[in-house]
Amino acid sequence: MDMSQYKNLFLSESREYLRAISEQVVTLEQSPTEKGAIDSLFRGAHSLKGMAASMEFGDVVTVAHGMEDLMVRVREGGLPFDAGVADLLLEGVDLIDLLLNDVEADRETTPPPGDYAQRLAEYTPSPQGKKQEAAQPVAPPAQIAAEPEKAQEPTGEASGTVRVKTELLDHLINLTGELVTNKHRLLNIGRELESPALNDAVSETAKLLRALHDEVMKVRLMPFEAICDRFQRSVRTLAKKSGKDLQFELEGRDIGLDRGTLEQLVDPLNHLLRNAVDHGMEQGAERVAAGKPPKGVVRLSVSRDRDRILITVRDDGRGMDPRQMIEAAVRKGVITPEEGEVLSPRQALMLVCIPGFSTAKTVTDVSGRGVGMDAVNAAIQKLGGSLVIDSEPGQGSTFTLRLPMTVAIIHALMVQCGKVKSAVPVTAVHRTVELNRRQVETVGKRQMFQLDGEAVPLLSLNRILGLPLGRFPSGILPLFVTEAKGRRVGIVVDRLLGQHELFVKPLGRPLSKIAGLAGGATLGDGEIVTILDMADLL
Amino acid sequence: MASTVMIVDDSLFMRKMLRDILEEEGYRIAAEASDGEEAVARYKEFRPDLTTLDIVMPNKTGIEALQEIMAFDPAARVVMCSAIGQESLTQAAAQAGAKAFILKPFNPELVARVLKEAAEG
């Protein structure tokens with residue numbers, strides 16, 4: 001029987017099992033007697049072994065078999081599921097993962113270290129119930145409360161489903177995007193020709209296209225779960241390394257995100273979690289001295305708010321003090337004392353996103369020097385999202401990411417400034433206002449207007465873009481309200497042109513280097529518009 | 001007319017392999033199921049001539065599913081799939097009414113022969 005035809009299926013299903021095993025290991029560290037997770041872990045190793053045996057990948061069989069036997073001892077032999085068992089299983093997951101990479105690349109597999117099977121077979125919990133190797137710090141493991149009632153495991157797929165390559169999904173969304181652009185072209189032609197028949201056909205096509213777009217987007221959605229296990233693993237490892245006792249909570253793992261967005265979230269979220277464990281969280285003694293429970297909580301939660309995804313990373317650690325942040329920034333020459341004085345607390349917290357700024361007193365090998373928050377912020381903005389930091393000294397910090405559902409096809413507010421048409425993603429627009437000139441107040445050098453009882457500064461997009469200023473003979477100033485560094489701002493334009501559906505294309509060099517540009521798009525009449533990244537522009 | 005078969009295994013990989021082997025042999029795959037509970041429900045729905053049943057599965061093991069299928073249809077022809085080292089389980093399955101056993105990893109000729117015997121015997 002020619003087994004090569006099953007290789008891809010073998011790889012993808014094996015990786016699903018590995019992912020599930022990692023998750024169940026951390027679940028079991030939280031509740032070591034959770035029967036569902038024990039059974040499911042055993043089944044995962046068993047299935048991996050069976051598949052690998054069919055493919056005749058002996059090295060994978062050896063490791064999976066060892067893991068299965070260890071789980072049999074836990075299941076039937078009364079071996080407690082302790083940190084040592086967890087470590088061995090996770091080691092096995094890593095070993096198999098490497099072997100699968102070899103298989104995928106059609107390389108000879110590198111045999112797993114000979115002592116792994118032996119260590120599995122000979123494993124006995126040490127009397128203290130701690131890990132055996134004395135060289136390792138005996139920090140308590142991070143306990144992971146990952147909705148233990150739902151022991152996740154891949155159930156294979158129902159018959160009637162197929163697996164497709166991710167590039168294919170990318171092609172689909174690109175084609176759909178080009179179709180959207182062409183639809184607008186047809187709409188324009190229909191208008192010029194004044195042909196009711198053509199208009200009918202185009203509006204029917206538009207409806208179908210809408211449906212196609214929705215379906216393609218659905219296909220591209222992947223549950224947040226797909227990247228969760230990495231976070232559980234890294235938080236666990238970090239907590240161990242830094243000797244902190246903490247609980248990691250995950251919420252919203254079934255929320256669907258565009259796979260493009262999901263992939264780009266791994267690094268930023270890992271960084272935020274690392275910061276939370278390494279910088280945010282205090283040592284147990286420090287917590288107790290501050291009257292807090294010794295065990296800290298780090299929480300990653302994902303939710304959906306209409307067409308936006310909300311992701312928060314929250315810790316109940318030492319928090320950040322805005323005043324200290326300003327002092328540090330002034331000391332380091334990142335800002336002037338005068339600039340420091342006018343910063344709101346929220347703006348002060350955002351100072352961590354300035355390259356080179358760090359509040360950590362010591363440098364650790366865990367999260368490095370605070371480098372990276374600027375990269376985190378940049379990555380989120382690139383996804384069309386925003387980052388807001390809230391923190392209370394002594395109580396902890398919350399990093400909130402707001403992301404659009406998709407980055408490929410967006411709705412944008414089209415605005416005109418002079419002869420230039422630009423697009424602003426509607427996710428960045430709070431509202432539009434037509435302001436009577438008389439309502440503009442001048443405070444010092446700044447122009448402000450009242451919005452919901454708050455004085456909101458006014459800026460001119462013409463001025464920002466270096467264009468001649470608008471005249472507004474009617475006395476009405478068209479503007480949209482957006483947010484910059486935690487504050488609302490009114491952006492005055494010459495004209496608000498309305499909403500438009502755009503297929504975003506990334507800009508190539510050298511345009512991609514220009515601050516404030518998020519991408520470009522072609523309108524139906526062939527006109528090219530730039531999509532503005534307001535947060536970056538202001 | 002070709003005999004109909006239902007394939008039950010929690011691994012998509014295993015189901016696909018078995019499906020290919022059996023289709024090659026001229027069987028018609030009436031249904032697939034990926035856990036014990038689904039197996040019982042699908043059996044009642046499709047009444048296949050033959051059923052291959054994996055033992056280690058979520059939501060009811062193969063043995064539990066076998067017991068329910070046999071209780072529903074004492075004439076059911078069920079072949080258990082098991083791995084080496086599960087001898088104690090195969091005994092329980094034989095008592096519960098399994099007609100035959102096939103060992104993983106599958107050997108296509110052996111699978112074909114065992115199923116043929118189970119269908120006829």
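Biologist: Which elements of chain A have the lowest and the highest mean pLDDT?
Modeller: In this predicted model, strand β1 (residues 143-145) of chain A has the lowest mean pLDDT, 46, and helix α15 (residues 461-464) of chain A the highest, 92. pLDDT is the predictor's confidence in each residue, from 0 to 100. Helices (H or I, at least four residues) and strands (E, at least two) are DSSP runs, numbered from the N terminus.

Biologist: Where does pLDDT stay under 50 in chain A?
Modeller: One such stretch is residues 129-159 of chain A, for which the model has 80 contacts beyond four places in sequence. Another is residues 359-371 of chain A, with 19 contacts of that kind. Contact means heavy atoms within 4.5 Å. Chain A averages a pLDDT of 82, and 89% of the residues score at least 70.

Biologist: What conventions apply here?
Modeller: Residues are numbered from 1 along each chain as its sequence is written, and chains are lettered from A in the order in which they are written. Local features need pLDDT of at least 70, side-chain atom pairs count only at pLDDT 80 or more, totals for chains, interfaces and linings use all residues, and side-chain values use heavy atoms, without hydrogens and water.

Biologist: Turning to the interface, how much area do chain B and chain A bury between them?
Modeller: About 1800 Å², 66% of it on carbon and sulfur atoms. Buried area is the accessible area (1.4 Å probe) that two parts lose on being put together, summed over both. In chain B, the residues that lose the most area to chain A are B:Leu12, B:Phe13 and B:Val56, together 32% of what that side buries.

Biologist: And how many salt bridges cross it?
Modeller: The rule finds 0 salt bridges between chain B and chain A, taking a side-chain nitrogen of Lys or Arg within 4 Å of a carboxyl oxygen of Asp or Glu.

Biologist: Which element of chain B gives the most to that side?
Modeller: Helix α1 (residues 12-24) of chain B, with 8 residues.

Biologist: What pattern does chain B follow along the sequence?
Modeller: Chain B reads β-α-β-α-β-α-β-α-β-α, with 5 helices and 5 strands.

Biologist: Any backbone peculiarities there?
Modeller: The peptide bond from B:Lys104 to B:Pro105 is cis, with omega near -5 degrees. B:Pro105 is in the loop between β5 (100-104) and α5 (108-120) of chain B. B:Arg47, although not a glycine, has a positive phi of about 40 degrees. Most residues other than glycine have a negative phi, and most peptide bonds are trans.

Biologist: Where is B:Arg47 found?
Modeller: B:Arg47 is in the loop between α2 (36-46) and β3 (50-54) of chain B.
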